[in-house]
Amino acid sequence: MPDFSIVIPCYRDEAPLVRLLEQLRRLPHQPREIIVVDAADSRHCAELCEQSAATRLTGEPCRGRQLGIGAVQARGDVLWFLHADAQLAADPLPVMAAAIQRGAIGGYFRFRFAAPRAWPAAILEPAITLRCRLGVPYGDQGIFMQRMVYHQAGGHAPWPLFEEVPLVKAARRLGRFVALPEPIFVDSRRWQRDGWWRRSLKNRWLALRFMSGAAPQDLAARYHSKNGS
């Protein structure tokens, strides 16, 4: 099985990071390294990384730049990028390894909402699966990629939002970028806070603005706001 480097950007999100690091610690198969790129220079985050034997790097609050910093430092054969609030299925490393051994250069997991769920989740999840096949999967779906291909594709864009879009498009031109049937569980807190349909429509509106040429920096402020649209 190839060596995996896991890269996690974090910005004042230690509560879910604790959960993710604990999940990673309990995996039957272990990665070569876990790299957390802390954009808040948080003492709490530093303590968590030390307790979990994770490498902690620091950077500015920009997810694309944070991911790039971690990827440059990573030494594994395969890079796996996780959001701090991701929740994992039972044993994802062999699943990714099998895809790589079958000739994939990278891929992503199936989007599932983590608990607590609401009935719109059952409609939104297949819609997101279709959107990924027609368009681009986003970073909350556990994008993984051979390290060499990641750098050939140019890495993450130095943006705070939609930073994975040019990377995925470039990777697809270099080889098979596969959709795994196994799930990754995405934190539903923003959907619960904003309303399931309102949040989903807001995300689509932001994606359309991005496709129309709006600056990711401007869109990121809208993404993180509670009621802005």
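Which residue in β3 is the bridge partner of Val 37? The bridge partner is Leu 57. The model is predicted. Val 37 belongs to the buried residues of strand β2, and β2 is joined to β1 on the one hand and to β3 on the other. The points below cover the strands, the crossovers, the cavities and the cysteines.

**Strand β2 and its partners**

- Strand β2 spans residues 33-38 and is mostly covered, with 6 of its 6 residues buried.
- One side of β2 carries Glu 33, Ile 35 and Val 37, the other carries Ile 34, Val 36 and Asp 38, and both faces are covered.
- Two residues in this buried set are Glu 33 and Asp 38, and both count as charged.
- Strand β1, residues 4-10, pairs with β2 in the parallel sense over 6 bridges.
- Within that pairing, Ile 34 in β2 has Ile 6 opposite.
- Strand β3, residues 55-58, runs parallel to β2 and is joined to β2 by 4 bridges.

**Strand β4 and its partners**

- Strand β4 covers residues 78-81, and both of its faces are covered.
- Val 78 and Trp 80 lie on one side of β4 and Leu 79 and Phe 81 on the other, all of them buried.
- β4 runs parallel to β1, with 4 bridges between the two strands.
- Ile 6 stands opposite Trp 80 in β4, and Ile 6 also stands opposite Ile 34 in β2.
- The pairing of β4 with strand β6, residues 144-146, is antiparallel and has 3 bridges.
- In that antiparallel pairing, Met 145 in β6 is the residue opposite Leu 79.

**Crossovers**

- A right-handed β-α-β unit is made by β1, helix α1 (residues 14-25) and β2.
- Another right-handed β-α-β unit consists of β2, helix α2 (residues 43-51) and β3.
- Strand β2 therefore takes part in both units, as the end of the path from β1 over α1 and as the start of the path over α2 to β3.

**Cavities**

- Searching the whole structure gives 2 cavities of 30 Å³ or more.
- The largest cavity holds about 40 Å³ of space.
- Its lining consists of Pro 9, Leu 67, Phe 81, Leu 82, His 83, Gly 139, Ile 143 and His 156.
- By class, that lining has 5 nonpolar and 3 polar residues, and no charged ones.
- Phe 81, one of the lining residues of the largest cavity, is also a buried residue of β4.
- The second largest cavity has a volume of about 30 Å³.
- Trp 80, Leu 88, Ala 89, Pro 92, Phe 109, Pro 183 and Ile 184 form the lining of the second largest cavity.
- The lining of the second largest cavity has 7 nonpolar residues, with no polar and no charged ones.
- Trp 80 is in this lining, and Trp 80 is also the β4 residue that Ile 6 stands opposite.

**Cysteines**

- The structure holds 0 disulfides.
- Cys 62 is in no disulfide, and the nearest cysteine sulfur, that of Cys 10, is 15 Å away.
- Because a disulfide needs two cysteine sulfur atoms within 2.5 Å, the 15 Å from Cys 62 to the sulfur of Cys 10 leaves Cys 62 without a partner.
- Cys 62 has a relative accessible area of 5%, so Cys 62 counts as buried, the cut-off being under 20%.
- Cys 132 is also buried, at 1% relative accessibility.

Methods. Residues are numbered from 1 along each chain as its sequence is written. This is a predicted model: local features need pLDDT of at least 70, side-chain atom pairs count only at pLDDT 80 or more; totals for chains, interfaces and linings use all residues. Side-chain values use heavy atoms; hydrogens and water are left out. On a 1 Å grid over the protein atoms alone, a cavity is a set of points where a 1.4 Å probe fits but cannot get out, and a pocket is an open set with protein on both sides within 12 Å along at least five of seven lines; lining residues have an atom within 4 Å of a point. Grid points are joined across faces, edges and corners, and a volume is the space filled by probe spheres set on the points. Buried means under 20% relative accessible area, exposed over 50%, partly exposed in between (1.4 Å probe, protein chains only). Two strands pair if DSSP finds at least two bridges between them.
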